[in-house]
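User: Please take a close look at a single part of this model, the contact between its chains, and then set that part in the context of the surrounding architecture. A connected account would serve better than a list.

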2 protein chains.
Amino acid sequence: MIGLFDSGIGGLTVLRAVRARFPNENLVYLGDTARLPYGSKSPETIERYLAQNIRFLIERGVKAVIVACNSASSVLVGRKDLRFPIPVYNVIEPGARRAIEVSKTQRIGVLGTRATVAGRAYDKAIQTIAPQAHVHSQACPLLVPLVEEGWENDPLTNLIVYRYLAPIVAQNVDTLIMGCTHYPVLRESFRRVVGPDVELVDSADAIAKLLDDDFQTGRLRGSPSHNKGTTELLVTDASPSFQEVAARLLAPISLEPLHQVDLIEEQKRHD
Amino acid sequence: MIGLFDSGIGGLTVLRAVRARFPNENLVYLGDTARLPYGSKSPETIERYLAQNIRFLIERGVKAVIVACNSASSVLVGRKDLRFPIPVYNVIEPGARRAIEVSKTQRIGVLGTRATVAGRAYDKAIQTIAPQAHVHSQACPLLVPLVEEGWENDPLTNLIVYRYLAPIVAQNVDTLIMGCTHYPVLRESFRRVVGPDVELVDSADAIAKLLDDDFQTGRLRGSPSHNKGTTELLVTDASPSFQEVAARLLAPISLEPLHQVDLIEEQKRHD
C-alpha cells in the first residue's frame, strides 16, 4: 500500500496519475482539509503538519508516502536532516527534473503558493541539477480559491492568470512548472497566456514516472498482480464543498466515498 | 480583560472597534492562523475549534469572549445547548439587530463565507427578531483571498464583487450586512455596486455597541479607569504574510507584535 497526502483535495490529481500507472497498487489518500490550505502558512507549521500526516500514514501500514502537495513538499527539498523509516517522495524534485529535461533554453518559470515560492524549493531543486538554469517564480494565491469556486473556464480567471503570468512571460521562459496540485485544472487558461510554444509541466505525471523507475530498480517493492488496487480516501474535515471540488478535480473518474479521521486523536491513542 | 478570537487576522477590525470604545480595557486577541480559514470548513470542525479557542482564552483569565469571526459565530446562533462559564458574544446577532434597525423595507442582503451562508446564521438571527423580513444571502469565497492579496482597490476585485452582488442587488435590498470581518476593507467596492442608498452594516461596530450596553446594565463588569488598556496579539502560526495583512487591516493604527502559541500543547498541560 502506498500513502499520499495533501493539505486538501488538490493532491487527488496526483492520486489519479499514480493510479493510472499502477492499477493494482492499494492506495490510501489523506486530505488534511481541517487545516487547509498549507500554502499561506509558515515553514515551521507546515513541517509539523507534514510529520503528523506521514506518521499517520505509516501507522496505517504504507510502504512509501508521496507528499502530493507542493507547499508541504517545499519544506523537504534539500533537507538531509529530515529522515523517515520508509521512502517519502516529494513532488518538487521530479517536477524540477522534468522541467530541465524539456527546456531547451533552461529558462524555467514556476507558479506556486506563497509557501512554495518563498521557500525557493523549485529554485533549489533545479539549480542542484542544472546550476546554469534561470528560474523565475510567481506566487499565485488566488488560483486555488478560483479553482475551488469552480471558475476554471471563466474570463475573470483568465484576467487574474494574465496578471500573475505577465512578469514570467516577460522573462522569456520556455517551460512553466504548474507548482501546485490544483493548477493543472487551469492548463487552458495558462496556455492562452503563454502561447503554444511554452512547455507546461505537471508534477503529478513526473512523480508517477519516478515511482515507476523505483519499482524497476527495486528501490520500491511492487504489489503482487492479484492485488485489487483499492483506493481509500480519508479527510480530516468532510465539508460538502470539499466533496464537490474533489468530484470536479477527478472527473470523469468517479470518486470513492470520503471518510473522516482525526489525526490528533488517533495519535494520542498511539502515544 | 476581554478575549477576542478569529480564524485569522480579520477579527482585528473587531478589536479596533472594541478598543475605540474602551480605551482602558485590557484585550487579548487570538488568531488561529495555523488552521485558517474556517469559512470553507464543516460546522462540526468549526465548533471544535471554537471550543478550543474559548477554553484557551478562559485559561488566560478573560471575563468575556468575543467571537470576532462570522464563520465561528455562525455555529453559535440559536444554540441554547452550547454553554460557557463566562459571557461569549457572537458578531452575528448584533449585526442582524443593527440591520433590522436601519432597514426601511426589511429587505436585507447578507454577504459571507460558505460556512456562514450555508448555516443560515443571519437568516435565523434576523427572523427571530423580525419574522416578516426578507433575507438574501450570497457566499463570496474569493473576497477574503482578494483582501489577503492586497487587491482591495483593484478593477479585478470590482468585477468579482459585481458578480457576487448582482443577484442581491436584483432583490432590491436596502441594507447589506458585510458578514465577514475582512469585508469592511472592500466597502468602497461594495458601494460602487449597490449605489449610494443601500446601508452597509459592519458587525464590528455593532458588537462594540452591544458590549457598551452590557457595561451600562452591569451584565459585564468594566475595568477600573486606571487600567492601561493593554493589547496582546496571539497567533497559532506566525507567517510573514499574516503580519503584513494584519498591518494593512489595522492601518493607520500600528500593530503590536504577534506572539505564537500552540493551542493543543497548552491544553495538554492543563489536562
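Analyst: The contact between the chains draws 21 residues from chain B and 21 residues from chain A. On the chain B side, the elements that supply two or more residues are α7 (143–148) and α8 (155–169) of chain B. Sorted by class, the side of chain B that touches chain A holds 10 nonpolar, 5 polar and 6 charged residues. The model is a predicted one, and the description below should be read accordingly.

Strand β5 of chain B offers a way into the parallel pairing within that chain. This strand covers residues 107–112 and is mostly covered, with 5 of its 6 residues buried. Its parallel pairing with strand β6 (residues 134–139) of chain B comprises 6 bridges, and within that pairing Arg107(B) faces His134(B) of β6(B). β5(B) also pairs in the parallel sense with strand β7 (residues 175–178) of chain B, here over 4 bridges. In this second pairing Val110(B) stands opposite Ile177(B) in β7(B).

Val198(B) can be placed against these strands. This residue belongs to the loop between α9 (187–194) and β8 (199–202) of chain B. It counts as buried because 20 C-beta neighbours lie inside 10 Å, and a residue needs 20 or more to be buried. Leaving aside residues up to four places away in sequence, Val198(B) touches Val173(B), Asp174(B), Thr175(B) and Leu176(B). Val198(B) is also 9.8 Å from Gly109(B), C-alpha to C-alpha, although 89 residues of sequence separate the two.

Another sheet of chain B is open and has 6 strands in the order β4-β3-β1-β2-β9-β10, with parallel pairing. Its edge strands are β4 (88–90) and β10 (258–260) of chain B, each of which pairs on one side only. From one strand to the next, the twist averages 25 degrees. At the β4 edge, strand β3 (residues 64–67) of chain B joins β4(B) in the parallel sense through 3 bridges, and Val67(B) has Asn90(B) of β4(B) as its bridge partner.

Two helices lie across strands of this sheet. Helix α1 (residues 12–21) of chain B lies across β1 (2–6), β2 (27–31), β3 and β9 (231–235) of chain B, and runs at about 170 degrees to β2(B). Helix α2 (residues 43–59) of chain B lies across β1, β2, β3 and β4 of chain B, at about 150 degrees to β2(B).

A helix pair in chain B adds a further packing arrangement. Helix α4 (residues 92–102) of chain B packs against helix α10 (residues 203–217) of chain B at an angle of about 100 degrees, and their axes are 8 Å apart. The angle therefore makes α4(B) roughly perpendicular to α10(B). α4(B) contributes Pro94(B), Gly95(B), Arg97(B) and Arg98(B) to this contact, while α10(B) contributes Ser203(B), Ala206(B), Ile207(B), Lys209(B) and Leu210(B). By class, these residues comprise 4 nonpolar, 2 polar and 3 charged.

On the other side of the interface, chain A is assigned two domains: domain 1 (2–90 + 205–270) and domain 2 (93–203). The centres of domain 1 of chain A and domain 2 of chain A, taken over C-alpha atoms, are separated by 22 Å. Their contact involves 30 residues from domain 1 of chain A and 26 residues from domain 2 of chain A. On the domain 1 side, α1 (12–21), α2 (43–59), α3 (70–74), α10 (203–217) and α11 (240–250) of chain A each supply at least two residues. The greatest contribution to that side comes from α10(A), with 5 residues. The residues of the domain 1 side divide into 14 nonpolar, 11 polar and 5 charged.

Helix α1(A), one of those contributors, also has a buried face of its own to account for. Its buried residues are Leu12(A), Thr13(A), Val14(A), Leu15(A), Ala17(A) and Val18(A). The elements covering them include β1 (2–6), β2 (27–31), β3 (64–67), α10 and α11 of chain A.

Among these covering elements, β2(A) is largely enclosed by the rest of the structure, since 5 of its 5 residues are buried. Leu27(A), Tyr29(A) and Gly31(A) point one way from β2(A), while Val28(A) and Leu30(A) point the other way. Such alternation between the two faces of the sheet is what a regular strand shows. β2(A) pairs with β1(A) in the parallel sense over 5 bridges, and Phe5(A) stands opposite Leu30(A) in that pairing.

Technical notes: Residues numbered from 1 in each chain as written. Chains lettered and ligands numbered in written order. Predicted model: local features only at pLDDT ≥ 70, side-chain atom pairs only at ≥ 80, totals over all residues. Domains from an automatic or database assignment. Contact = placed C-beta atoms within 7 Å. Nonpolar A, V, L, I, M, F, W, Y, C, P; charged D, E, K, R; others polar. Buried ≥ 20, exposed ≤ 12 C-beta atoms within 10 Å, placed from the backbone. Pairing = 2+ DSSP bridges. Axes fitted to C-alpha atoms, helices over the stretch in contact; angles between N-to-C directions. Parallel < 35°, antiparallel > 145°, perpendicular 65-115°, else oblique.
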